[in-house]
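Here's a molecule to look over together. A student asks, a tutor answers.

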Amino acid sequence: MTIMKSEILSRSIEDDGLPVTLSEIRQAAVRIAGSVTRTPLVPSATLSQCGGQPVCLKLETDQPVGSFKLRGVMNAILSLGDAARKRGLVTASTGNHGRALAYAAKKLGVPATICMSSLVPANKVEAIRALGADIRIVGASQDDAQEEVERLVKSRGFTQVAPFDDAYVVAGQGTIGLEIVEDMPDLATVLVPLSGGGLAGGVAAAVKALRPQAQVIGISMERGAAMHAAFAAGGPVAIREEETLADSLGGGIGAENRVTFTLCRRLLDGIILLTEDEIAGGIRHAAREEGVTVEGAGAVGIAAILAGKVKLSGLTAVILSGGNIDPAVHRRIVEGAAA
Ligand SMILES: *Cc1c(COP(=O)(O)O)cnc(C)c1O
């Protein structure tokens with residue numbers, strides 16, 4: 001069990017100085033309303049029984065690109081001026097952010113370049129290629145891909161749309177928190193997949209502002225949990241990136257992190273870490289019992305409940321953040337293979 005209470009004493013979100021505010025998240029919701037799906041929050045009988053509290057699943061798997069990343073991308077791009085957009089967009093990605101950016105860029109008729117490491121699964125790279133984006137595979141970590149982004153910003157004048165450490169991106173992800181509180185006003189707990197912290201930070205900023213007594217818990221894999229390591233060290237640290245079923249949760253939080261570390265440290269009530277077998281169990285349960293195809297990163301909330309690693313205290317929302325798993329890998333896991 002790896003829950004770490006935030007060491008910050010005062011969690012009041014009345015404090016000014018939080019890098020993303022409720023009003024920015026509300027503005028994001030208006031800005032992106034025509035471009036993203038307002039996803040359903042559906043009850044799960046089996047998880048409610050297992051967790052001993054009513055559990056609902058927030059299906060971000062229903063977004064057009066198969067993950068929540070479209071929310072942050074749309075908010076960031078729609079906030080850019082025309083000139084910045086037309087110079088071309090660039091980003092580093094573990095796959096889903098790049099796919100969302102490629103999709104949005106195609107819709108808006110602007111060029112996009114997506115930089116990825118060799119750890120990004122082939123199905124994700126191919127989906128991005130199919131959307132017409134320029135693809136660069138560089139190195140074996142998110143940091144390597146990010147270096148290429150910075151080179152392209154300097155040499156080509158591209159506009160960067162960062163995967164998580166950007167106030168507009170975080171505000172876009174935070175719209176999930178608005179929707180959850182709207183659909184479930186008596187919310188007690190939100191379980192949210194955690195990597196760079198754009199999703200968890202945005203959701204926590206919305207939920208804590210609207211319902212301060214609710215707890216927001218981040219969930220990562222044991223293999224390379226960057227935000228967890230940063231909490232322990234008191235700031236961003238280099239982590240070794242490894243292969244994991246939760247490939248969308250790979251990568252560091254950035255040595256110069258400006259937004260998401262502060263948000264997560266101040267607002268999250270804890271971080272839970274999962275083994276690869278536990279994540280596989282979450283994927284399998286989602287397919288067999290809930291009828292939802294989720295990728296590893298999207299299954300961690302379910303996995304944490306099944307593994308008994310989280311104590312639920314009332315109405316619980318579990319964010320299924322994405323469904324872009326390689327079909328062959330999915331089949332093997334659902335048929336019962338261990339991680
Ligand atoms: C990007 C991603 C996450 C993690 O989001 P962060 O903002 O980096 O913490 C979780 N799940 C899926 C499916 C993702 O694509």
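What follows is a short chat about this predicted model.

Student: Let's start with the whole chain. What radius of gyration does the chain have?

Tutor: The secondary structure comes to 14 helices and 10 strands. For 339 residues the globule rule gives 20 Å, and the chain's own value is close to that, so the chain is as compact as a globular protein of that length. The radius of gyration is 18 Å.

Student: Now the ligand. How much of the area that the ligand exposes when taken alone does the protein bury?

Tutor: Look at the polar contacts to begin with. An oxygen atom of the ligand lies 2.9 Å from a backbone N or O atom of Ser195, and a polar backbone atom of Gly196 is 3.0 Å from an oxygen atom of the ligand. On its own the ligand exposes 390 Å². The protein buries 98% of that.

Student: Which residue has a side-chain N or O atom 2.7 Å from a nitrogen atom of the ligand?

Tutor: Try the residues that come nearest to the ligand: Lys69, Asn96, Ser195, Gly197 and Ser321. The one with that side-chain atom is Ser321.

Student: How many residues in the shell around the ligand are charged?

Tutor: The ligand takes up the space of the largest cavity, with 17 residues around the ligand. By class, 7 are nonpolar and 8 are polar. The charged ones number 2.

Notes: Residues numbered from 1 in each chain as written. Predicted model: local features only at pLDDT ≥ 70, side-chain atom pairs only at ≥ 80, totals over all residues. Heavy atoms only, no water. Near = heavy atom within 4 Å. Polar contact = N/O pair within 3.5 Å; in protein donor to acceptor, adjacent residues only side chain to side chain. Areas by Shrake-Rupley, 256 points an atom, 1.4 Å probe, with all protein chains shown as cover. 1 Å grid on protein atoms, 1.4 Å probe; cavity = no way out; pocket = protein on both sides within 12 Å on 5 of 7 lines; lining within 4 Å. Sits in = over half its atoms within 2 Å of the grid points. Nonpolar A, V, L, I, M, F, W, Y, C, P; charged D, E, K, R; others polar. Helix = DSSP H or I, 4+ residues; strand = E, 2+ residues; numbered from the N terminus. Rg over C-alpha atoms; globule rule 2.2 N^0.38 Å.
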